[in-house]
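This report examines a single protein chain through its enclosed space, its nonpolar cores and a few chosen residues. Please consult the sequence and the structure while reading.

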Amino acid sequence: KTDVLIVGGGLAGLALARDLARAGTDVRLIEARAVGFGASGRNGGFASPGYAVGLDEIERRAGRATADALEKLTLEALDEMRALCVANPDAGTAMTPGILYARRTPSHGGLQHEQAEMAARFGVDLTYLDRDEVRQRLKSAKYHEGLRSARSVHLHPLNYTRLLARTAEDLGARIHEGTPATSLMNGLGDWTVTTPKATITARNVVLTTGGYTGPLYPRLQRSFVPVATYVMASAPAPDLLATAIATTDAVGDERRAGDYYRLFDGGHRLLWGGAITVRDRSPDAVAAYLRRGMVATYPQLADLPIEVSWSGLMSYARHKMPQVGQVEPGLWHATAFGGHGLTATHAAARAVSEALLGQSDRVQLFAPWGLTPTFGPLGKAAAQATYWALQARDAWSEARAARG
């Protein structure tokens with residue numbers, strides 16, 4: 001028996017386990033494989049405020065007050081992540097401040113407006129960079145301007161996930177790896193989860209699985225599309241990389257179908273990620289696909305050797321916002337972080353923990369975005385078609401910008 005059982009050992013589940021254990025709650029977490037096995041350990045390591053959906057779209061759906069409160073949740077999460085890394089310098093998180101959001105098409109004043117709005121609404125200090133300033137850092141004709149966030153960070157995501165797990169355990173949470181949940185049943189006021197070696201009864205169960213979610217609770221599995229994304233890392237080549245990238249900031253562009261990348265290992269190696277599809281690819285195919293995008297941006301890196309590549313599944317809801325809340329009495333969920341999960345997972349975990357502890361109702365901030373069905377194969381086909389449409393729109397916009 002336990003007060004709270006968490007199913008899923010990614011960032012959302014581990015952050016929730018930590019928060020509950022810190023409050024003295026008896027909490028267990030079960031993970032089918034190992035902590036960080038899914039998107040939590042395989043992502044690009046970008047930690048910044050916000051969600052996969054832009055602030056304006058959130059405001060149109062739920063109003064300004066809710067949009068502001070949701071943004072502040074992720075700002076709180078980001079600050080706590082930074083503090084955890086600083087307090088544990090030997091954990092291998094390699095936390096580095098600075099993310100540069102570079103535009104491949106001119107914003108016509110849009111970035112300056114965003115800079116002013118973030119300062120006025122949230123006290124977030126962003127630095128605007130014009131074309132020359134961006135190209136001093138990113139030696140590519142593709143970029144026109146950018147915004148730099150000194151508050152955002154990039155880090156080693158799997159080492160950070162493991163640090164979060166150790167922190168939760170140190171506070172009293174019990175984590176069981178290699179323990180899949182095989183059934184979920186609602187009893188008289190309690191929930192029962194069966195695993196191959198144990199039966200666990202809990203007053204509250206929280207499902208924090210992502211792209212690898214199985215049929216434990218079919219309604220949750222039907223509410224998002226598992227989407228594959230891709231990352232590769234180069235062999236050491238500091239001199240060659242210096243001809244292209246002259247910043248320690250992580251870099252992302254404004255395209256929905258965009259690239260993201262950062263130097264690591266003291267500037268000796270490059271991590272490059274991008275693309276989403278509804279089917280997984282082999283490591284060789286991943287590297288070939290990503291290399292084309294890299295060389296199109298930086299022709300001088302055509303001879304950069306790639307050492308390793310990988311892919312993984314993340315969960316996307318139709319509305320592209322996280323799905324967070326209570327689906328039945330005592331049954332909670334926090335999932336579908338849509339490629340923006342390093343901070344959003346922590347924000348969701350904090351909202352759920354405060355609800356379970358009776359501290360706040362901030363979990364209701366996510367109520368406008370529920371468990372919307374994705375219709376299985378039709379949802380996958382729609383997701384892929386949407387991505388291709390975004391790629392086509394991005395290419396057309398870039399071609400216009402290149403023509404001046």
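A cavity is a set of grid points where a 1.4 Å probe fits but cannot get out, and its lining residues have an atom within 4 Å of a point. The model discussed here is predicted.

**Cavity and pocket**

A search of the whole structure yields one cavity of 30 Å³ or more. The volume of the largest cavity is about 50 Å³. Its lining consists of Arg18, Asp19, Leu73, Glu76, Ala77, Glu80, His346, Ala347 and Arg350. Helices α1, α4 (64-87) and α11 (341-356) are the elements that each give two or more residues to this lining. The largest share, four residues, is supplied by α4.

The second largest pocket holds about 420 Å³ of space. It is lined by 23 residues, of which His156, Arg262, Phe264, Asp265 and Leu271 are the closest to its centre. Two or more lining residues come from each of α2 (39-42), α7 (157-170), β13 (259-264), β14 (269-277) and β15 (306-317). Strand β13 gives the largest share, three residues.

The table sets out the volume and the classes of lining residues for both spaces.

| Space | Volume | Nonpolar | Polar | Charged |
|---|---|---|---|---|
| Largest cavity | about 50 Å³ | three residues | one residue | five residues |
| Second largest pocket | about 420 Å³ | ten residues | nine residues | four residues |

**Helix α1**

Helix α1, which gives residues to the lining of the largest cavity, spans residues 11-22. Its twelve residues reach 16 Å from the first C-alpha to the last, close to the 16 Å expected at 1.5 Å a residue. Why is α1 described as largely enclosed by the rest of the structure? Eleven of its twelve residues are buried, so the remainder of the structure largely encloses the helix. The buried residues include the charged pair Arg18 and Asp19, and both of these also line the largest cavity. Just after the helix, Gly24 adopts a positive phi of about 90 degrees.

Arg18 is also touched by Thr167, which touches Leu84 as well, when residues up to four places away in sequence are not counted. Thr167 lies in helix α7. The relative accessible area of Thr167 is 18%, and because the threshold for a buried residue is under 20%, Thr167 counts as buried.

**Nonpolar cores**

Nonpolar side chains tend to be buried together in soluble globular proteins. In this model, the largest nonpolar core has 59 residues, and Ile6, Tyr51, Ile58, Leu70 and Tyr160 touch the most other members. With neighbours within four places in sequence left aside, Leu70 is in contact with Tyr51, Ile58, Met321, Leu365, Phe366 and Trp369. A second, separate core contains 25 residues, among them Met232, Leu241, Ala244 and Ile245.

**Asn186**

Asn186 belongs to strand β8 (residues 183-186). Is this residue buried, partly exposed or exposed? Its relative accessibility is 47%, so Asn186 counts as partly exposed, since that class lies between the limits of 20% and 50%. Beyond its neighbours within four places in sequence, Asn186 is in contact with Trp191 and Glu328. Glu307 is 121 residues from Asn186 along the chain, and the C-alpha atoms of these two residues are separated by 48 Å.

Conventions. Residues are numbered from 1 along each chain as its sequence is written. This is a predicted model: local features need pLDDT of at least 70, side-chain atom pairs count only at pLDDT 80 or more; totals for chains, interfaces and linings use all residues. Side-chain values use heavy atoms; hydrogens and water are left out. The expected span of a helix is 1.5 Å times one less than its number of residues. Buried means under 20% relative accessible area, exposed over 50%, partly exposed in between (1.4 Å probe, protein chains only). On a 1 Å grid over the protein atoms alone, a cavity is a set of points where a 1.4 Å probe fits but cannot get out, and a pocket is an open set with protein on both sides within 12 Å along at least five of seven lines; lining residues have an atom within 4 Å of a point. Grid points are joined across faces, edges and corners, and a volume is the space filled by probe spheres set on the points. Contact means heavy atoms within 4.5 Å. A nonpolar core is a set of buried Ala, Val, Leu, Ile, Met, Phe, Trp, Tyr and Cys residues joined through side-chain atoms within 4.5 Å.
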